[in-house]
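Work through the following exercises on aromatic rings with the structure at hand, and try each task before reading its solution.

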Amino acid sequence: MPAVQDTIDRVRKIDVDQYKYGFQTEIAVDKAPKGLSEDIIRFISAKKDEPSWMLEWRLEAYRRWLTLEEPTWARVHYPKIDFQDIYYYAAPKSTPGPSSLSDVDPELLKVYEKLGIPLREQEILAGVQKTDASELEEPSDNVYKSGRVAVDAVFDSVSVVTTFKKELAQAGVIFCSISEAIREHPELVQKYLGSVVPTSDNFYATLNSAVFTDGSFVFVPKGVRCPMELSTYFRMNEKNTGQFERTLIIAEEGAYVSYLEGCTAPQRDENQLHAAVVELVALDDAEIKYSTVQNWYPGDAEGKGGIYNFVTKRGDCRGDRSKISWTQVETGSAITWKYPSCILRGDDSSGEFYSIAVSNGYQQVDSGTKMIHLGKNTSSRIISKGIAAGFSQNTYRGQVSAHRKATNARNFTNCDSLLIGDQCGAHTVPYMEAKNSTAQFEHEATTSKISEDQKFYVMQRGIPEEEAIALIVNGFVKDVIQQLPMEFAVEAQKLIGISLEGSVG
Amino acid sequence: MLEIKNLHARIVDDGTEIIRGLNLTVKAGEVAAIMGPNGSGKSTLSYILAGREDYEVTEGDILYNGQSILEMDPAERATSGIFLAFQYPMEIPGVATMEFLKVAMNEQRKARGEEPLKIPEFLKRVKEAAASLSMDMAMLKRPLNVGFSGGEKKRAEILQMKLLEPKLCVLDETDSGLDIDALKIVSDGVNALRAPDRAFLVITHYQRLLEHIVPDSVHVLYKGQVIKSGDKSLALDLEANGYAGVIGEAA
Ligand SMILES: Nc1ncnc2c1ncn2[C@@H]1O[C@H](COP(=O)(O)OP(=O)(O)O)[C@@H](O)[C@H]1O
Ligand SMILES: [Mg+2]
């Protein structure tokens, strides 16, 4: 059999059931009744003990949502979602809201341990100095044990615990769940919530504004460099339950923060909805680095089940010389609809988008970014690497625009796609629009196949086929991997290897 | 060590037969030179030895240490000790040469049930091997073969060969693209590896290489067959008189 044919045949036998996080946990939950109505929103708001302005905000969003239509422009196909057939709130009975580590249900701690995030050990381990850490040693394979990452653990609709809060507070950094922030820091939340993604932004963002349950809140005050990596880990566990994450990150003048989110879900036959809104605000000279390792359950070999990941992420470079950088490694979800964007409002501000999107099996990815240049001398950079295997469809959709007043706006875009086998598809949909004649936009795009020559060469050195493919793919995505916080780069590389398992045999 | 018996092989895509009843035996410790005009099937033979799937063996067998290797995939053949220094080494963008060496060495160790190399030991080996080939360590930080000159690629092949310590080394036109100094360095590298338990198949067009790597036997390949075998004097004869005489004799 010729090599190419062989690869294709093996791809047909594809098996994406390599998902390691597909276990589910039996845990007693407190749920809202199924479906969506004003009463359900009141229920959620009451559960979270919210002030009345928050409830009003939600209700207004809900009323607007009722008038909206689901968007259809993305290159993704799925049966119509019955929004009345979803639970909008589910919280573990034992730990219905954020608490301190000692109060968290041990069963929940076990879940996170199984996911590789030993919350309890985290703070203990942080105190233990590493002895002979030579710079040549491999980075630890569990970054959550490094003592350099604070974690907010969100389980279905609630944050169950946030680690290192005290240490961070000493530096003036607020890191807590959004629910807690609404109660404890209402002035900050009211000032910034919805200021980047208005409640009316789009169908899913509006839905999220009405029913959002939990997510993280980060506030880094003027001049502070956040002393550790912040991270939120989202776990969807409960059946038929949507997760409506809401995250808000604010970096005041001259502040710096690096934040990472991770996520997993049980393996189930039905599809589940994760509709998130993430807002970032960077004031003068501030910098926010936001990284995602998205590993939601992708569905099985026949394309059954998996998460619908419909996400609105936007950063506002509100201040002069501010900088927002998005880095994403997308390997999971049945459907991904996600365009982390930057509004370059401040003069001399800059935005970056580095993306790796791996699709296998029947996954559908429609992802990319928007760079909206409003201020003078603003610059943006887009590096997107799409890898499609199996029967998957992988679309990069990007928009770069320069406003009339955005003199000297600059953008560089590079989108590369790599195909494994010939049943999959890669598509690039760039929109560019410059209303200012001094704007300079550069766009490069390539599509290639993993060459049999390369694979043969690598295998000739004793590297088995799957490892050979993973090595070549990891070389292909190197420019983006380098953008991840060092601690997470190794994990991301491994994840890419695992996601492509079964793509060749 | 290597016995190729009445080997027939064709291109899978279009069925063209390239190797047509080839016989060749190479003993442990032997250096066998394969010569022959362009297009006679030398590279194809090297690919088939290494297990490339574009070719299909229709008849005959390849025995390596008495065992047929036809059912083994390229990685399995490599870990069993077969190494091919490519005529045209592939570029692997984004994969630092050093990283590639580490993965290859450790995969082979894993297949043999050995522990991965500790980083200091790995570095020591790479530094020594690179120094012996006059290779700059800075080059090893670059992606494998990407932007390497022809000569650098060939050196990188020999570097890999040194580090992987194979038992059967197939060198496909390693001399092409090398200047005299580089040829000397590469040949010294190969000679240093000559050992009683290691065999070499040195494919070349020119006598030039064989002045540095002196072969124990010389075989002329033409239209997919070995048409003449002899000792090193055969190479000198070919250099002086060309292939026409030998081809005429065989016809
Ligand atoms: N994969 C292939 N597809 C088409 N033709 C091939 C292929 N491999 C080898 N050939 C042909 O087989 C013959 C032998 O090629 P090769 O082994 O490269 O010769 P050499 O190395 O002796 O110069 C040539 O005519 C070449 O074009
Ligand atoms: Mg050749």
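**Exercise 1.** How many aromatic pairs does the count come to over all chains?

*Solution.* In this predicted model, the count comes to 26 aromatic pairs over all chains.

**Exercise 2.** Classify the pair of Phe43(A) and Tyr89(A), then place both residues in the chain and state their burial.

*Solution.* The ring centres of Phe43(A) and Tyr89(A) are 5.9 Å apart and the planes make an angle of 75 degrees, an edge-to-face pair, since planes over 60 degrees apart count as edge-to-face. Next, this pair links distant parts of chain A, with Phe43(A) in helix H2 and Tyr89(A), 46 residues apart from it, in the loop between helix H3 and strand E2. Finally, Phe43(A) counts as partly exposed because its relative accessibility is 25%, whereas Tyr89(A) is buried, with a relative accessible area of 1%.

**Exercise 3.** Treat Trp57(A) and Phe212(A) in the same steps.

*Solution.* With centres 6.4 Å apart and planes at 80 degrees, the rings of Trp57(A) and Phe212(A) form an edge-to-face pair. Trp57(A) belongs to helix H3 of chain A, while Phe212(A) lies in the loop between helix H9 and strand E6, 155 residues apart, so that distant parts of the chain are linked. Both Trp57(A) and Phe212(A) are buried.

**Exercise 4.** Over which ring does the charged end of Lys385(A) sit, and over which that of Arg461(A)?

*Solution.* The charged end of Lys385(A) sits over the ring of Phe476(A), at 5.2 Å from its centre. For Arg461(A), the ring is that of Tyr457(A), with the charged end 4.7 Å from the ring centre.

Conventions. Residues are numbered from 1 along each chain as its sequence is written. Chains are lettered from A and ligands numbered from 1 in the order in which they are written. This is a predicted model: local features need pLDDT of at least 70, side-chain atom pairs count only at pLDDT 80 or more; totals for chains, interfaces and linings use all residues. Side-chain values use heavy atoms; hydrogens and water are left out. Rings of Phe, Tyr and Trp (its six-membered ring) pair if their centres lie within 6.5 Å; planes under 30 degrees apart count as stacked, over 60 as edge-to-face and the rest as tilted. Helices (H or I, at least four residues) and strands (E, at least two) are DSSP runs, numbered from the N terminus. Buried means under 20% relative accessible area, exposed over 50%, partly exposed in between (1.4 Å probe, protein chains only). A charge sits over a ring if NZ of Lys or CZ of Arg is within 6 Å of the ring centre and within 35 degrees of the ring normal.
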